[in-house]
Amino acid sequence: MHDGAAGVTAAGAAASGPWYAMLIPILPLAGFVLCALCAVFRVRSKLPAWITVGLLAASFAVTAAMYSTVQGTQITTVFQWITWSWGSGPGQSFTANFAFYLDGLTCLWMLFVTGLATLIALYASEYMSHEAGAGYCRFFAAFCLFVFSMACLVMADNLVLLYLGWEGVGLCSYLLIGYFYKKPSAVAAAKKAFIVNRIGDLFLALGIMLCFVHFGTVEYKEMFAQAAVYTKAVSAGEIEKVPLVAQLIAVLLMIGAFGKSAQLPLYVWLPDAMEGPTPVSALIHAATMVTAGVFLIARTYPLFLISEYAMPTVAWVGALTALLAATIGMAQFDIKRIMAYSTVSQLGYMFAGLGVLTSVGAAAHVFTHAVFKAMLFLACGAVMHGFAGQLDLRKLSGVGSMPGWRIVNVAMLVGSLNLIGFPVITAGYWSKDTILGEAFANPSMQGVAWILLLTAGLTAYYTFRVYFRVFVGPQSYEPGEELHAQHDDKHQGHADHGHAHDQHAHGEKSGASHGTHDFHPHPPGWAINTVLVILTIAAFAAFWPIKGTSHPSHLGYIGQMMDASSAAYDPHHDAAMYQFAAHKPAPGEPRSHATFFGFDAHKAMMWVSGFVALIGMAIAYFLHYAGRTSATHSRADSWLPAAGPLANWAKHKWYVDEFYDFLIRKPLLVLAHLFHIIDQYLVDGIVDALGWLPKGIGRLIRPSQSGELHGYAFGMAGGLAVILLIVFLVTN
């Protein structure tokens, strides 16, 4: 293991970090308060957006300063948060300060969290402008609160503060997915995301509790120092010296990560989350929140390295999730939902990278994916915004060649090339191939490797299926009928004023092609175009920090940042994960490596994966672009019968939701109704009966206490007659 943060934590000490690091979460928190005040004072301008953009940009600047000054591992303590003790012995005190653990992993995550949040807030200032007023304030307040929560999650120096941020981003995700709270599908999607995430959160909470039970602390530096003893035992091939409890911690944390990062079997919430506004999809469900699970594993990597069961599970679940999501994405027609399944698939790649022991490759793919997937979502959002909510790829064609849409077209093309890992010139190529190369180099992960390689081909196909259908080809479009169409009349004056030139340009040509003469799409304005241009440049710029290293498995600056973090691990020199090796290595013996048909796996993947991506791209060209004369039909339509029922199953998402509904939801619903009946008629019945009994007895004897003398006399006479009758019967 590298002498980065691990070495510092093993010593049980860490340097004091810069005080200004606390500004990174404080600035977005201030934005939340100010946006809430805008709502209170009924601000109807774009002030909440400019407050958000300004404060998040300042937070990004502070993050950049932190990156330039932090060396190794440093801890910045803001204040003592939770501290108590019930004895003087080991494990008889609990400490969880509001403090930040600053290392290379923290810097990497916060750079793209704050940077992308700033750009997406600028994008949202235009995209959400039709909501100016209470909704506008509510959106940006939740946006700022999300960034604050994400900062707490990433920068935390203990698991309790991480859990606070973890639940915070879950809450904000719920609020933003359900932003259109009058839309039933959005409300249902928000509830689904919240409930499914609670499953993973339960296991994360159990993992945190077990950490304290076993290590006596929830602070990273203390846990990693104690785990270092187990790591040495595992490196020596003595896994039996690691208690089962210590190995179980990683398993619990892993399930928590699966929930937040939408992995099997808890992935079903993410595609439905596309019901939220597109800026939400770009920030939360493509670039930041969904990578929280990847971050959790990377942050607690020392705990995963000592678990015999966690790492293989992470690798296989990641690979299978990547494949499943890719097959579903191939059969969808909603371009935003296709990007959602692509996100699930790429998250699977990241998990597989962690599982096959390339934390560098996984972190690099998180970084590159955050940039190009945000760009893809925002490009799709620009199309949705301009075409009245239209997202069906069968109803759009040639958008990229329409006046005003060329920037969106270039952004979509660059993002697509990065997503498929187009050879050499894209950042996505280098980060993805690092994972593939390490998977093929691992003798026990050959199945994972081939699944990932197949997924790479499918990714290329469905990505350029969208590009060839929507952005090139004959110009044709139909307006959508969703939210923006509902508000079309309300905002017609604004649209006419801002896009009169577009109507003039499209009036005859497009109107004749789609047969709708009273609708004209409006291209994005300066804010959306500016963000797309910056992200396009960033997608190319991300290429340089990760290329040009001595070995493809060690990615430049990102590799250096990982070396100086808790995720530091060199699979070429450390035999810690003996269960992945072809044989159990002796102490100090390097782990054996597989080859790709006799060639170095990493160098071979630089050619093979690029070739696979080009094949997928070529198939998409042949089926969805060549010879196409309309938006509705393509050559692929005539090939569908050859796929048999598989195409229909994939279109219906392999009926996983229906399976969950049948196996889990409906039995729970029946059980809930049964318990309701038991509670209403048995439990409440007994309580009501006990309450009615004295009341009934009181009603029965109340007439005898009327206060009338003749009534009492009659009662006494009657009682005397009864007594005499009893005496008579007994004596005779």
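The lining of the largest cavity in this predicted model is made up, by class, of 4 nonpolar and 3 charged residues, with no polar residue among them. The residues that line this largest cavity are Y267, V268, P271, D272, Y341, K653 and D657, and the space they surround has a volume of about 30 Å³. A search for cavities of 30 Å³ or more finds 1 in the structure. Rolling a probe the size of a water molecule over the atoms shows where empty space is left.

One residue of that lining, D272, leads on to the salt bridges, of which the whole structure holds 13. D272 forms a salt bridge with K192, and the closest N and O atoms of the pair are 2.7 Å apart. This pair links distant parts of the chain, since D272 belongs to helix 10 (residues 269-272) and K192 to helix 7 (residues 184-215), with their positions 80 residues apart. D272 counts as buried because its relative accessible area, 17%, is under 20%.

Other charged pairs can be followed in the same way. Side chains of opposite charge can pair when their charged atoms come close. E222 and K221 are joined by a salt bridge with an N to O distance of 3.1 Å; K221 is buried, with a relative accessible area of 18%, whereas E222 is partly exposed at 27%. In the salt bridge between D661 and K666, the N to O distance is 3.6 Å, and K666 is partly exposed, with a relative accessible area of 44%. Salt bridges that share partners also join K192, D272, R337, K653 and D657 into one network.

Turning from the cavity to the open pockets, the reader finds that the largest pocket has a volume of about 800 Å³. Its lining consists of 27 residues, and those closest to the pocket centre are M330, Y461, L640, A643 and A647. Two or more lining residues come from each of helix 14 (310-330), helix 19 (446-470), helix 27 (601-624), helix 28 (635-639) and helix 29 (645-651), and helix 27 gives the largest share, with 7 residues. By class, this lining holds 18 nonpolar, 5 polar and 4 charged residues.

A last stop is T358, which lies in the loop between helix 15 (335-355) and helix 16 (359-386). T358 is buried, because its relative accessible area of 4% is under 20%. The side chain of T358 reaches the backbone nitrogen of G361 at 3.0 Å, and, leaving aside residues up to four places away in sequence, T358 touches Y301, G353, T434, I435 and E438.

Technical notes
Residues are numbered from 1 along each chain as its sequence is written. This is a predicted model: local features need pLDDT of at least 70, side-chain atom pairs count only at pLDDT 80 or more; totals for chains, interfaces and linings use all residues. Side-chain values use heavy atoms; hydrogens and water are left out. Helices (H or I, at least four residues) and strands (E, at least two) are DSSP runs, numbered from the N terminus. Buried means under 20% relative accessible area, exposed over 50%, partly exposed in between (1.4 Å probe, protein chains only). A polar contact is a pair of N or O atoms within 3.5 Å; within protein, one must be able to donate a hydrogen and the other to accept it, and residues adjacent in sequence count only if both atoms are side-chain atoms. Contact means heavy atoms within 4.5 Å. On a 1 Å grid over the protein atoms alone, a cavity is a set of points where a 1.4 Å probe fits but cannot get out, and a pocket is an open set with protein on both sides within 12 Å along at least five of seven lines; lining residues have an atom within 4 Å of a point. Grid points are joined across faces, edges and corners, and a volume is the space filled by probe spheres set on the points. Ala, Val, Leu, Ile, Met, Phe, Trp, Tyr, Cys and Pro count as nonpolar, Asp, Glu, Lys and Arg as charged, and the others, Gly among them, as polar. A salt bridge is a side-chain nitrogen of Lys or Arg within 4 Å of a carboxyl oxygen of Asp or Glu.
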